[in-house]
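Trainee: I have the structure open and would like to work through its helices and a few single residues with you. Could we take them one by one?

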Amino acid sequence: MANKPSLSPEARSILRTQISRRAVLAGAGGIGAAGLLAACGGGGDSASAENTVRWGNWPLYLDFDEASKTYPTLVKFSEQTGIDAKYFEDYNDNDEFFGKVQAQLKLGEDIGYDVVTPTDWMAARWIRLGYAQKYDTANIPNKVNILDSLASPSYDPNRESTLTWQGIMGGFGWNVEKNPKGIRTLDDLFAPQNKGKIVVLTEMRDTIGVILLGQGIDITKVTEDQFMNAVDFMAKKISDGWIRGVKGNEYAEDLTSGDATAVIGWSGDMFILASENEGKFDFAIPESGGTISGDNLMIPSTASAAGKANGEKLINYYYDPVVAAEVAAYVNYVCPVKGAQAEMEKIAPELATSEYIFPTEKTSSRLNVFRSLTPDEETKWAEAFQQAQGN
Amino acid sequence: MSLPKVRVPYLLLLPGFAFLFTFFILPIINLAQTSTQTRVAGGDTGQYEQTLAFSNYIQAFVENKEQFGRSFLYATLATIFALAIAYPLAYGIAFKAGKYKNILLVLVVAPFFTSFLLRTVAWKQILGEEGFVVPGLRSLNIIGEQTTLTSTSIAVVAGMTYNFLPFMTLPLYASLERIDPRTIEAAGDLYANGITAFRRVTVPLSMPGVVAGTLLTFIPAAGDYVNAAILGSPNTKMIGNVIESRYFKIVDYPTAAALSFTLMVAILILVTLYIRKAGTEELV
């Protein structure tokens, strides 16, 4: 089971009817009702008040009720605490969001959010620049619920200012007909039947991470030489015609259109693909280990004392296993909260056995977080990775 | 009373100038300033300072000359193909369509009702493994079992040709439609056969449309990155893709700015040479 997380038929049938994050994206032409609702909110520019908290998150990344056009867990939070939670689905891109608020952060002016949700490496940059506030842990007793595998990333070893919102596993995805034995190693990936039909991710830390792990290198301690070596490996596979593209979420389209037969991809996407295509696709964490990254709940340096305290209460609320299970049932990514699996048993037992949402301990131990990079490395490594893909 | 009369045209120009100054001149100045910056020693990602490093231009060009070459090659090919397709099309609409003229013109413009991006993604499906083109060509033994069309330069050039076709067709139509049919009749009266009349009368009279159409196709095509991003592979990246990656992925603003300037200047030089050669008396 640990080697081959696959979906039970029940889970598939549930997913087909359930409104998942990705299905809403595909069905509503990219603008979910949730997005429209958030757009009406005005983009997080209302002033921080005593009893409000303003949270900027990625689109379709929180349980949403189509009928009432509300976020059920968020509504319950407001009822329980009396805090007015304003939710903005306008964190579309790490660089874009950073670019938008950077000047205000530098000047110490309110950026319009008390909680933001950057991906690991971007969270690392905020911390480095002093743009993140440390939590008052007394407000977040549920902090102890974070999964062990996510508890000490190199950019925030004690999780003093970040907690994972959702986790994303990177590993191998494949077309079952073309790869009946599945893909567990780099050799399986670069097998003759996949020549010219392999797609890897634009996310440097996942693609090069999986390659490095396949080469037996610990990505929590990777050196520049090792990294460049792995980039050369990828460049060679591109020039020799093995890899046809380096892409973001679009690799899912290539798999369904048949242009790709094997990928380095993300668990959440593969989960949806497998369930929408009657098990035509599958996903596994490589034998040598996969990557795990996360989007993080973080309080910007510009949040007021009240905003910060309310933000901490919000974060604590979402680290309650009951609430986390409700969110996980909707978003399909790795749930970072211990105990949520037991809660999922109660609301959607089919999903509680999914390794995509709740990797077993054995699986988690095979997931690795890419080490954080210095600013010099960040630029130099990104440049090498971009040049290897023809940019 | 003559003074206000002189002033009126300038006043009318004012909003346009103000707009261009704010949204064209100022950004260009900003871009120029950015292009000669270098990284702050020990600074964080994306922190640059002005050091008047003109060497950025040389480095940016040398590192990416392959993509520059490819951009101009693809743009030239797409322009030639678009011209080859659009000329007969525009000719047919202008001279032979009769009462269907307006419907055909609407059909030429119709693709604009859909987003540029969606149309390109649709091409990916058409040229994909499960579209009808690849299996069709395979059954005719034109391409082998392992050959694919997406992620090739063929797909990129084909996508660009398609996407810019209306920009070629409309100016050509406007020029052709204006030709007085009596000039062609006169050529016939002077014993010119159909081909000679077309070569000596129709083509020269349609030149303003050809020049306008090729410019409207070539200039955006050279800077395009959508077709290469969606239909291409790492081996078909164009300069637009490099600029995008430098700006957003590497957070290397100076190189992105230097590349943008180099592209602008290169296009300007090529277009100037072309216009000199083709003549533009009737273009404006």
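Trainee: At what angle do helix α5 (residues 94-107) of chain A and helix α6 (residues 120-128) of chain A pack?
Mentor: Bear in mind that this is a predicted model. The axes of these two chain A helices, α5(A) and α6(A), lie 11 Å apart. Their packing angle is about 15 degrees.

Trainee: Are α5(A) and α6(A) roughly parallel or roughly antiparallel?
Mentor: The helices pack at about 15 degrees, and angles under 35 degrees count as roughly parallel. The crossing of α5(A) past α6(A) is right-handed. The angle therefore makes the pair roughly parallel.

Trainee: How many nonpolar residues does the contact of α5(A) with α6(A) have?
Mentor: On the α5(A) side you will find N94(A), D95(A), F97(A), F98(A), V101(A) and L105(A), and they meet W121(A), M122(A), R125(A) and W126(A) in α6(A). Sorted by class, the contact has one polar and two charged residues, and its nonpolar residues number seven.

Trainee: Staying with chain A, what percentage of its contacts with a separation of 6 or more is between residues 24 or more positions apart?
Mentor: For background, chain A has 17 helices and nine strands. Of its 391 residues, 60% are buried. Among its contacts with a separation of 6 or more, the share from residues 24 or more positions apart is 77%.

Trainee: K69(A) caught my eye in the loop between β1 (52-56) and α4 (72-81) of chain A. What is its phi?
Mentor: Good residue to pick! Most residues other than glycine have a negative phi. K69(A) is not a glycine, yet its phi is positive. K69(A) is also partly exposed, with a relative accessible area of 37%. Its phi is about 55 degrees.

Trainee: E278(A) has a positive phi near 55 degrees too, in a residue other than glycine. Is E278(A) buried or exposed?
Mentor: You will find E278(A) in the loop between α11 (267-276) and β7 (281-284) of chain A. Its relative accessibility is 59%, and exposed means over 50%. E278(A) therefore counts as exposed.

Trainee: Which residues is E253(A) in contact with, leaving aside its neighbours within four places in sequence?
Mentor: E253(A) belongs to helix α10 (residues 251-257) of chain A. At 31% relative accessibility, it counts as partly exposed. With those neighbours left aside, its contacts are V121(B), K124(B) and Q125(B).

Trainee: Now to chain B. Are helix α3 (residues 65-96) of chain B and helix α9 (residues 194-223) of chain B oblique or roughly perpendicular to each other?
Mentor: Their axes come within 9 Å and cross at roughly 135 degrees. Roughly perpendicular would need 65 to 115 degrees, and roughly antiparallel over 145. α3(B) passes α9(B) in a right-handed crossing. The two helices are therefore oblique.

Trainee: How many charged residues are in the contact of α3(B) with α9(B)?
Mentor: Residues on the α3(B) side include F72(B), L83(B), Y87(B) and F95(B), while those on the α9(B) side include F198(B), V203(B), V210(B) and F218(B). The contact divides into 13 nonpolar and seven polar residues, and the number of charged ones is zero: there are no charged residues.

Trainee: And which class has two residues in the contact of α4(B) with α7(B)?
Mentor: Helix α4 (residues 101-109) of chain B and helix α7 (residues 153-178) of chain B cross at roughly 155 degrees, and they are therefore roughly antiparallel. In α4(B), K101(B), L105(B), V108(B) and V109(B) meet P166(B), T169(B), L170(B), Y173(B) and E177(B) in α7(B). By class, this contact has six nonpolar residues and one polar, and the class with two is charged.

Trainee: What is the relative accessible area of N227(B)?
Mentor: N227(B) sits in helix α10 (residues 226-231) of chain B. Beyond its neighbours within four places in sequence, it is in contact with F116(B), T120(B), V156(B), G159(B), M160(B), N163(B) and G232(B). N227(B) is buried, and its relative accessible area is 0%.

Trainee: Last one: how far does helix α12 (residues 253-278) of chain B reach from its first C-alpha to its last?
Mentor: This helix has 26 residues, and at 1.5 Å a residue the expected span is 38 Å. Its buried residues include P254(B), F261(B), I267(B) and V271(B). The reach of α12(B) is close to the expected span, at 37 Å.

Methods: Residues numbered from 1 in each chain as written. Chains lettered and ligands numbered in written order. Predicted model: local features only at pLDDT ≥ 70, side-chain atom pairs only at ≥ 80, totals over all residues. Heavy atoms only, no water. Helix = DSSP H or I, 4+ residues; strand = E, 2+ residues; numbered from the N terminus. Expected span 1.5 Å × (residues − 1). Buried < 20%, exposed > 50% of the residue type's maximum accessible area, 1.4 Å probe, protein only. Axes fitted to C-alpha atoms, helices over the stretch in contact; angles between N-to-C directions. Left-handed = near helix turned anticlockwise from the far one by under 90°. Contact = heavy atoms within 4.5 Å. Nonpolar A, V, L, I, M, F, W, Y, C, P; charged D, E, K, R; others polar.
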